[in-house]
Amino acid sequence: MGFKRISDQDLKYLIEKAESYIDVRDFGQALKYYDQLVGNIPPHPHFFKRRAFCYRLLGNMDKAIADYNEALKLDPDDGVTYWERGACYNDKPFIEKNIDE
């Protein structure tokens, strides 16, 4: 894949911004920065897991599961990620039920 090379300074900025939005529980804004990270650097499981975390807390279990799957492709021995993905599968029926109501 042809990823855009971003500077170390830009990488640090994107990570700090994403995490600062997570700290104030603004997961929608954090996603904007994690989308840039995932789209512009070679795949890294940490960024897929952090973006999945945001999706999960926003109630988008399908996207969270997809990102956890990507993280597991890159790091298949990470037991915590399996647990997080399982929690999404567990929560998904309850989230979907609340959305439908």
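Arg-25 counts as exposed, at 60% relative accessibility. You'll find Arg-25 in the loop between α1 and α2, and its phi is near 60 degrees, a positive value in a residue other than glycine. Most residues other than glycine have a negative phi. Keep in mind that this is a predicted model.

**Helix α2**
- Right after that loop topic, take a look at helix α2, which covers residues 27-40 and has 14 residues.
- From its first C-alpha to its last, α2 reaches 20 Å, close to the 20 Å expected at 1.5 Å a residue.
- The buried residues in α2 are Phe-27, Ala-30, Leu-31, Tyr-33, Tyr-34, Leu-37 and Val-38.
- An α-helix has 3.6 residues a turn, so residues three or four places apart point the same way.
- What covers the buried residues of α2 includes α1 (8-23) and α3 (45-57).

**Gln-29**
- Gln-29 also sits in helix α2, but this one is partly exposed, because its relative accessible area is 24% and the buried label needs a value under 20%.
- The C-alpha atoms of Gln-29 and Asp-78 are separated by 27 Å, and the two residues are 49 residues apart along the chain.

**Asp-67**
- Over in helix α4 (residues 61-74) you'll meet Asp-67.
- Is Asp-67 buried or exposed? Asp-67 is buried, with a relative accessible area of just 5%.
- Leaving aside residues up to four places away in sequence, Asp-67 touches Phe-48, Arg-51, Ala-52 and Tyr-55.

Terms used: Residues are numbered from 1 along each chain as its sequence is written. This is a predicted model: local features need pLDDT of at least 70, side-chain atom pairs count only at pLDDT 80 or more; totals for chains, interfaces and linings use all residues. Side-chain values use heavy atoms; hydrogens and water are left out. Helices (H or I, at least four residues) and strands (E, at least two) are DSSP runs, numbered from the N terminus. The expected span of a helix is 1.5 Å times one less than its number of residues. Buried means under 20% relative accessible area, exposed over 50%, partly exposed in between (1.4 Å probe, protein chains only). Contact means heavy atoms within 4.5 Å.
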